[in-house]
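Here is a walk through one protein chain, strand by strand and contact by contact. Keep the structure open as you read.

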Amino acid sequence: MIIDEGKLIAIFQAIKRVRKEIIWKPGKANSHLAKRICLGHLSDEATLEQYNAIATSVVSSTDANVYLYVYGETIYPTLVANVENKIWLVMIGLDGILETSFPPDDPENYLANSAFVYLGLVKELEI
């Protein structure tokens, strides 16, 4: 996949937007939180604020790996970083709205999927 300069700018702007504020698609935040609790990714007492804090930690990390998840003609900037000794993935839309945030069971295998295109570390990309 070839990423032109305009797309790169849109990707970086989306990442900057999500760094400023975690915004979920309308009505999706609590269902995502409930799923993470149900799957044991978060404690039973976890709050949306705690869940959002993990996502903020990932997108703010200069050591985060940046991928593009390609779905047809749509790309989703995806950041992956270690939070409290667990690898978390945060996927956003080009509008800066959160799509999902979770710790893959097998991150290396999960990210080996051909739909993920690796761009580099945040600190290398100067986002």
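Which residue of strand 3 does threonine 78 stand opposite? The partner of threonine 78 is methionine 91. Bear in mind that this is a predicted model.

Start with the strands around that pair. Strand 2 covers residues 74-83. It pairs with strand 3 in the antiparallel sense, over 6 bridges. The two strands form a hairpin, with 2 residues between them. Glutamate 84 sits in that turn and has a positive phi of about 50°.

Now cross to the other side of strand 3. Strand 4 spans residues 98-102. Strand 3 and strand 4 also pair in the antiparallel sense, here over 4 bridges. Methionine 91 turns up again, standing opposite threonine 100 in strand 4. So follow methionine 91 both ways: threonine 78 is opposite on one strand, and threonine 100 is opposite on another. Strand 3 and strand 4 make a hairpin as well, with 5 residues between them. In this turn, glycine 96 has a positive phi of about 80°.

How many of the 7 residues of strand 3 are buried? The count is 5, so strand 3, residues 86-92, is mostly covered, buried being under 20% relative accessible area. In a regular strand, side chains alternate between the two faces of the sheet.

Strand 3 also leads to the largest pocket. Helix 3 (48-60) and strand 3 each supply at least two residues of its lining. Helix 3 gives the most, with 4 residues. The pocket has a volume of about 210 Å³. Its lining includes Gln50, Tyr51, Ala53 and Ile54. Lys86 and Trp88 are also among the lining residues. So is Glu84, the residue with positive phi in the turn between strand 2 and strand 3. By class, the lining divides into 7 nonpolar, 3 polar and 2 charged residues.

Stay on helix 3 for a moment. Asparagine 52 is found there. Is asparagine 52 buried or exposed? At a relative accessible area of 15%, asparagine 52 is buried, because the cut-off for buried is under 20%. Leaving aside residues up to four places away in sequence, asparagine 52 touches Ile22 and Trp24.

Next, look at charge. Side chains of opposite charge can pair when their charged atoms come close. The structure holds 2 salt bridges. In one, the side chains of glutamate 99 and lysine 25 meet, at 3.4 Å from N to O. This pair links distant parts of the chain, 74 residues apart. Glutamate 99 is in strand 4, while lysine 25 is in the loop between helix 1 (5-20) and helix 2 (29-38). Glutamate 99 counts as partly exposed, because its relative accessibility is 21%, and buried means under 20%. Lysine 25 is partly exposed too, at 37%.

Lysine 123 forms a salt bridge with aspartate 63. Their closest N and O atoms are 2.6 Å apart. Lysine 123 lies in helix 5 (residues 122-125), and aspartate 63 lies in the loop between helix 3 and strand 1 (65-71), so the pair ties together parts that are 60 residues apart in sequence. Lysine 123 is partly exposed, with a relative accessible area of 49%. Aspartate 63 is partly exposed as well, at 45%.

Terms used. Residues numbered from 1 in each chain as written. Predicted model: local features only at pLDDT ≥ 70, side-chain atom pairs only at ≥ 80, totals over all residues. Heavy atoms only, no water. Buried < 20%, exposed > 50% of the residue type's maximum accessible area, 1.4 Å probe, protein only. Pairing = 2+ DSSP bridges. 1 Å grid on protein atoms, 1.4 Å probe; cavity = no way out; pocket = protein on both sides within 12 Å on 5 of 7 lines; lining within 4 Å. Points joined across faces, edges and corners; volume = space filled by probe spheres on them. Nonpolar A, V, L, I, M, F, W, Y, C, P; charged D, E, K, R; others polar. Salt bridge = Lys/Arg side-chain N within 4 Å of Asp/Glu carboxyl O. Contact = heavy atoms within 4.5 Å.
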